Amino acid sequence: MSHDDAPFEIHVHGDVKLRSDVDFDTLQDALKPLWKYAGARSLADGATSFYEDEPGIRFDPRQHLLQMCWTVQGDEDFRHQLDELCMTLNELSETGAQIEVTFFDVQFDEEDEDAGRESRDDFVLLFVGPTPEAIMQAQRNLLVEDVVHLMERHFDGAELGGVVSEIDKLFTDRFTALTSSLELGKPPRSPGGGGAGHGGGRRPRHLH
């Protein structure tokens, strides 16, 4: 697949803790939606990022950790790879984790910005995990981190225990509702499929 004239640079970023029995071959099969999209014939061939300063896709067998900081050129059709990626990683993951996917509009430049035109940049936040509860736990942890970071501009961290308790209550109620419904075997709509969010301004590309 050629992406020479692709309108986006797509950055995939996240760390996923894997089960101890997951080996390279199993992971290679699970990540096929990514490396095949990049036009590679194997994970080893497709793990290199479009940018040399990014580590790409790495598997640490000692820590049983998948690390992704990987950019590929592509189009909107890359979104079709994400559902399959989440389903396969759900089966291999040990704990809940978040994966950030950022679409950078390569055709947007300073002249467009000065003219007041909007870029087609987009940001998708995905969650994977072995169970709906693990996925919700990852969601909860990220929300607590974001809320505490925001509120610590105005309050001391020790004052925010009540806020964290309310967040915990919301997720407890959500999980209770989930387990009592027929959706028990499926990830919740928001955690499983991720959510597209548009932030103010352009997101900087990850540099590591």
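How many residues does helix α4 have, and what distance does this helix reach from its first C-alpha to its last? In the predicted model, helix α4 comprises 14 residues, spanning positions 79-92, and reaches 21 Å between its first and last C-alpha atoms, which is close to the 20 Å expected at 1.5 Å a residue. Buried positions within α4 include L82, L85, C86, L89 and L92, and Q81, T88 and N90 in this helix are likewise buried.

The chain that contains this helix has 208 residues, of which 41% count as buried. Its secondary structure consists of eight helices and six strands, which are arranged along the sequence in the pattern β-α-α-α-β-β-α-β-α-β-α-α-α-β. Among contacts with a separation of 6 or more, 73% are accounted for by residues that lie 24 or more positions apart. The accessible surface of the chain amounts to about 12200 Å², and carbon and sulfur atoms contribute 48% of that area.

Strand β5, formed by residues 122-128, includes V128. V128 counts as buried because its relative accessible area is 0%, a value that falls under the 20% cut-off for burial. When neighbours within four places in sequence are left aside, V128 is in contact with V16, C86, L89, N90, T95, G96, A97, I99 and I135. Of these partners, C86, L89 and N90 are buried residues of helix α4. The C-alpha atoms of V128 and M87 are separated by 7.9 Å, although the two residues are 41 residues apart along the chain.

Terms used. Residues numbered from 1 in each chain as written. Predicted model: local features only at pLDDT ≥ 70, side-chain atom pairs only at ≥ 80, totals over all residues. Heavy atoms only, no water. Helix = DSSP H or I, 4+ residues; strand = E, 2+ residues; numbered from the N terminus. Buried < 20%, exposed > 50% of the residue type's maximum accessible area, 1.4 Å probe, protein only. Contact = heavy atoms within 4.5 Å. Expected span 1.5 Å × (residues − 1). Areas by Shrake-Rupley, 256 points an atom, 1.4 Å probe, with all protein chains shown as cover.
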